[in-house]
Amino acid sequence: MSIEARLIKRFPGDRESEPFELNVRFQAGPGITVLLGPSGAGKTLTLNCLAGFARPDDGRILVNNELYFDAGTNVYLPPQRRRCGYIFQDHALFPHMTIRENLRFAAAVAPLDKAGRLNRHRRINELLETFELSDLAARKPAQLSGGQKQRAALARVLAGEPRVLLLDEPTRGLEARLRRAFYEVIRKTRERLNAPLLLVTHDLEECFELADTVFLMARGHFLQSGPREAVLARPATTDLARSLGVYNVIEAEISALDPARNTSHLRVLNQDIDGPYLPGHLIGDRGFLCVRQAEMKVLSPYASGVQNQLTLRVLGSSPSSHGVRLTFEHDVVAIISEREYDKLRGADTLRIEVPRSAVYFIGNG
Amino acid sequence: MATSDPLDWFPLWLSLRVASIATLLVVIAGTFAAYLLSHKTFRGKNLIDSLITLPLVLPPTVLGYYLLVLIGRASPLGRLYEILFGQPLVFTWQAAVIAAMLHSAPLFIKAARPVLEAVDYRYEWAARSLGASEWSTFWRITLPLSRQGLGSLAALTFARSLGDFGVTIMVAGNIPGRTQTLSVAIYDAVESGNGRLARVLVLIVSGVALALLWPAAHVLRTGRSHT
């Protein structure tokens, strides 16, 4: 089960909108692939092209070796023959049908094989059971809560045995507790569905939670892609690191490199930081030190025996969901607990420890 | 003479029959036309839209004239009808149905288009991506979701079909007991000084129209509330 797609779609732009070009190429196998990017990046457009609601100007779409779209040979499968389970932003459960009728509709119109048709009834009951909807089956969507609608939309899509699952910002508007519950449901779905699951979001946390593979997207293009850890721990550019919102990006210059001992030495704000060897860089290279906010330790200026530290002037503090958010000169941000903050309160300058393992350098250019 | 009898209810029954049939045909064909206009892009869409609006602005005599040319005994359509049914179409009550349709269809199509457009496209997309054909999507999603709006429009269409005068008198004439509809009968009654009959018929037409429009206006104002 896999998707292979190359999509090019141009919008010339007019008085109200800038010209826009979607130009992406990707492959996705079973598991959760997240398209992460700000609104206007072309994420939903990508899903619409796959589902057959937007026709690319150029490119091709191949799902399980079946051609859905090919600009060269003028192949264009209509949406109803693509078997893309599409979860829309506001669920799009049919308001005039009960939940059971919604599922029945899906099972009735899906191009299932004979066995699938015979098992239809049992499958629907099974899905209602799995998604904890059995007691709600006779209700109309309007009588359901946000989380219940979410589960019903997933169950409906699965009733048609889709080849691909497309989810467009599925947790938008859900409160934190329901989000967590939905992540569980998505993970459960991944287990039972041997198909690619493409999820669009602008929410970094959601991406951390769910993604196996990440495509970072902006202005119609992919900026970086790969397994989640690789993309999130090793952003390719400082722009990406900044857009992820969890990195401190500080100007730096490499002053020493030793591959034999796996060490490097960085000059950062006229202070010294040691790190692991930085392959592909030379002594004298200028660039940026990128450190995740969560990996930095903030210490009092009187702490002793601390290696690898920067002394920085404190500009301010503000409460955050994980404790206190401290801002320093050079746009450096650290997040510490209330208790730590109590000990450090009132200091003009603080020392920040950058663990050696957290050192990540992005060169200029 | 039938018209000299003030209790001749024939024009009322004829009008109800003509309006019922016209409404039925207009709702079926008009819903289809409105669907094409609201959901499809094709060449000449604006031209067709203008042609549909035209009967709303042209004088009834002009429309009647066109109809006479189109379905008169000398026209191909008129001759075909005569061969099929053994009688001419013009100056029959069936011609009054066509006149009523011409009178009410533009209104229905114009108003049905936004009703169908107001159905959230995501419901239709959801149905399509689940595997439903365009036809079953229309039948099971779009139509049920716009049922209330279209129902009110059907009432409006019926009321309007009841009221045509100009085109009817041009193509169906004023044959008492055969093609004389309510509005024509009123004209006739006034002309012949039968004030009592005119008053009764006028009140009936006004009453029926109001009885239809009142509930329809309520639904059209509150929208097709499907929550």
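# Why those words? A chat about chains A and B

Reader: What makes B:T137, B:I141, B:T142 and B:L145 of helix 7 of chain B count as buried?

Author: A residue is called buried if 20 or more other C-beta atoms, placed from the backbone, lie within 10 Å of its own (exposed means 12 or fewer, partly exposed in between). B:T137, B:I141, B:T142 and B:L145 are buried in helix 7 of chain B, so each of them has 20 or more such neighbours. Bear in mind that this is a predicted model, where local features need pLDDT of at least 70, side-chain atom pairs count only at pLDDT 80 or more, and totals for chains, interfaces and linings use all residues. Residues are numbered from 1 along each chain as its sequence is written, with chains lettered from A and ligands numbered from 1 in the order in which they are written.

Reader: How do you know that the buried residues of helix 7 of chain B line one face?

Author: Look down the axis of helix 7 of chain B: its buried residues fall within an arc of 85 degrees, so they line one face. The arc is that of the directions from the helix axis to the C-beta atoms. The face turned away from that buried side carries the exposed B:W135 and B:W139. As for what covers the buried residues of helix 7, that includes helix 5 and helix 6 of chain B.

Reader: Why is helix 7 of chain B called a helix?

Author: Helices here are DSSP runs of H or I with at least four residues, while strands are runs of E with at least two, numbered from the N terminus. Helix 7 of chain B covers 134-145. By the same scheme, chain A comes to ten helices and 21 strands.

Reader: What makes residues of chain B and chain A count as in contact?

Author: Their C-beta atoms, placed from the backbone, have to lie within 7 Å. By that test, 17 residues of chain B are in contact with 20 residues of chain A. On the chain B side, helix 6 (121-130) and helix 7 each give two or more residues, and helix 6 gives the largest share, seven residues.

Reader: What makes a set of residues a nonpolar core?

Author: The members must be buried Ala, Val, Leu, Ile, Met, Phe, Trp, Tyr or Cys, joined through C-beta atoms within 7 Å. The largest core has 129 residues, and A:A155, A:L166, A:L198 and B:A99 touch the most other members. Helix 5 (residues 93-117) of chain B brings its largest share, 15 residues. A second, separate core of 30 residues includes A:A241 and A:V268.

Key:
Two residues are in contact if their C-beta atoms, placed from the backbone, lie within 7 Å.
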